[in-house]
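Got the structure open? Let's take a stroll through a hidden space and a pair of helices.

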Amino acid sequence: MRNAMTERKSHYLQIALVLIGGIFILLYPLMQIWPSGWVWLPRQQEYEQMMIGVYATLGIFLIWASRRPEAHFSLIWFTFWSSLVHGIIMGTQAIMDPAERGHLMGDVAALFIAVVLLGLLTPRKRFLRTADNEDSKAAVKSLYSSKRS
C-alpha cells in the first residue's frame, strides 16, 4: 500500500513540476494578458526582462527534473524555498500598496500554489538522506577524480 501511495505521489510531483515549470516559462505572456496580476508598477523593462529570463530558465529545469524528480531534489527544494520567500515579499508589498492588490490573485497566488504543491509532494526523508547515501558519495568522488585526469 505504501509503495502505491509513494508512486502516486511521485507521479503527481512529476505533473506539478511540469505545470509549475510551464507557468514559469509563460511569465511573459501572462504579463501581457493579465498585467494587473503579473506586472508591478512603475514598469521597468530591464527588471521584467531579468525576471522573465530567470523564471523561464528555472521553468525549463523544472520540466527537465520532472523526468526523474528523485535526482533533482535540491532544485525542487530551491524552487520551494525561493518561491516561499518571493511570495511572502510580494504578498506583503501587494497588501501594503492598494494599487498592487491584483497580484494577490496573480503571481503571488501562483507562487504559493507552487509552494504548497512542492511542499506536499516532495519527499523529505529521502532528501535529507541523500548526502549520506553511499551511491551519492561514490558519484561525487568519481566526478571529482575524473576531472583530475
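Here is a look at the cavity and then at two of the helices beside it.

Keep in mind that this is a predicted model. How many cavities of 30 Å³ or more does the structure hold? The answer is one, and about 220 Å³ of space lies in the largest cavity.

What surrounds that space? The lining of the largest cavity is made of 16 residues, and Leu27, Trp38, Met51, Tyr55 and Asp107 are the ones nearest its centre. Helices H1 (2–25), H2 (27–33), H4 (45–65), H5 (73–96) and H6 each give two or more residues to this lining. H4 supplies the largest share, with four residues. Sorted by character, the lining has 13 nonpolar residues, one polar and two charged.

Now for two of those helices. Their lengths can be checked against 1.5 Å a residue:

| Helix | Residues in helix | Expected span | Span between end C-alpha atoms |
|---|---|---|---|
| H5 | 24 residues | 34 Å | 34 Å |
| H6 | 15 residues | 21 Å | 21 Å |

For H6, residues 107–121, the span agrees with what 15 residues should give at 1.5 Å each. H5 also comes out close to its expected value.

Which residues of H6 are buried? They are Asp107, Val108, Leu111, Ala114, Val115, Leu118, Gly119 and Leu121. An α-helix has 3.6 residues a turn, so residues three or four places apart point the same way. Try looking for that spacing in the list.

In H5, the buried residues include Phe73, Ile76, Trp77, Phe80, Ser83, Gly87, Met90 and Ala94. Asp107, one of the buried residues of H6, is also among those nearest the centre of the largest cavity.

Definitions and conventions
Residues are numbered from 1 along each chain as its sequence is written. This is a predicted model: local features need pLDDT of at least 70, side-chain atom pairs count only at pLDDT 80 or more; totals for chains, interfaces and linings use all residues. Side-chain values use heavy atoms; hydrogens and water are left out. The expected span of a helix is 1.5 Å times one less than its number of residues. Buried means under 20% relative accessible area, exposed over 50%, partly exposed in between (1.4 Å probe, protein chains only). On a 1 Å grid over the protein atoms alone, a cavity is a set of points where a 1.4 Å probe fits but cannot get out, and a pocket is an open set with protein on both sides within 12 Å along at least five of seven lines; lining residues have an atom within 4 Å of a point. Grid points are joined across faces, edges and corners, and a volume is the space filled by probe spheres set on the points. Ala, Val, Leu, Ile, Met, Phe, Trp, Tyr, Cys and Pro count as nonpolar, Asp, Glu, Lys and Arg as charged, and the others, Gly among them, as polar.
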